[in-house]
Each structure stands twice: as structure tokens, then as C-alpha cells.
Amino acid sequence: MWELQGGVVLYTSSQDHNSEKSTNEGPLLTPEISKSVREGRLVGYQCLDCGAKAIEVQAYCAKCGSSKLRIAKLESRGKVLAFTIQAVSPKEFKNDAPYAWSIIELDGGVRISGRIASIRSPHDLPIGQRVQLMRSEKSGIVFEKILE
Ligand SMILES: [Zn+2]
């Protein structure tokens, strides 16, 4: 579980990790994100005090500072805000290059970064392009372009 110790968030393995309680409340667990992406959906956290959502692992709400957080479903569609094209990639994504490394604003306002496959030039990915989450077995979050 994630714990705040002396101002540092630590990840510690414990019995509590797999319990029903730890998946439904408390700070976000990264295995939850990985699992959701493999299943083609996204989870993040939602603040129980102000309702703000985000995907980063945090001990406190970035908006209001509350520590009452729970795992929450995030929208799987959004739009591209910015990107860079990666022609040379880490080994794991060798067969995916070139791809765009993008900042995406999900419907509902949460901003996250992720890869968009098969982007060779800036013309392939207009700013504002609608995208949706893809199922992915690899690390990180992958999106694909959609027409709406
Ligand atoms: Zn809040």
C-alpha cells in the first residue's frame, strides 16, 4: 500500500494490498492502473471532499488537499493537447515507433500522458484530435485516434 512517511510516499507490500478495502478507498495503487489498462479501461482517484479526479499517485488531493481519496473510473476518451514524435524508442516499444508521446485531456478534464501508435509526422495528429484508450499489455497508457 501507499503510505506517507516523513513527507515521502512509500509503496510497501502488505496483506492489506489485495483486500477489498484497499482497492476501493485510500491512495491510488499503481497495480490498479496497470490492471485497468490491460482490461481496456482507466482508473485514477477521486477526492471525496471536492470531487476532483486525477491519475497520478498522490497522498492528497491536488485541488483541495484532502486525504480522503478513492479509486474512481476515468473517461477513456479525450483529446490531444500536445505531443512529440518519438522516432527512437525504448526497447519495449521498438516495434511501435514512430509514435507520438502525448498529453491528453480526458473528457471530464483529467490530463494524462500516453502513446499514440503510428504517428509519423505532425500532420498525422492535429491538436484537438479525439482519441480513446486502447487495451495494452505493455507498460504505460496507449491511445488510438477515433472519428466522432
Ligand atoms: Zn479535493
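Which residue in β9 does lysine 79 stand opposite? In this predicted model, the partner is arginine 130. That pair sits in the contact between strand β6, residues 77–86, and β9. Three bridges join these two strands, and they run antiparallel.

Now follow β9 itself. The strand covers residues 130–133, and its side chains alternate. Val131 and Leu133 point to one face and are buried. Arg130 and Gln132 point to the other face and are not buried. Here buried means that 20 or more other C-beta atoms lie within 10 Å of the residue's own.

β9 also pairs with β10. Again the sense is antiparallel, over three bridges. Valine 131 of β9 stands opposite lysine 145 in β10.

Next comes β10, residues 142–145. Two bridges join β10 to strand β8, residues 111–116, and here the strands run parallel. Arginine 115 has valine 142 in β10 as its bridge partner.

These pairings belong to a barrel. Five strands close it, in the order β6-β7-β8-β10-β9, and the pairing is mixed. Neighbouring strands of this sheet are turned by 50° against each other on average, direction ignored.

There is also an open sheet. Its three strands follow the order β4-β3-β5, with antiparallel pairing. The edge strands are β4, residues 53–54, and β5, residues 69–74; each pairs on one side only. Strand β3, residues 42–47, meets β4 through two bridges. Look for glutamine 46: its bridge partner in β4 is lysine 53.

Technical notes
Residues numbered from 1 in each chain as written. Predicted model: local features only at pLDDT ≥ 70, side-chain atom pairs only at ≥ 80, totals over all residues. Pairing = 2+ DSSP bridges. Helix = DSSP H or I, 4+ residues; strand = E, 2+ residues; numbered from the N terminus. Axes fitted to C-alpha atoms, helices over the stretch in contact; angles between N-to-C directions. Buried ≥ 20, exposed ≤ 12 C-beta atoms within 10 Å, placed from the backbone.
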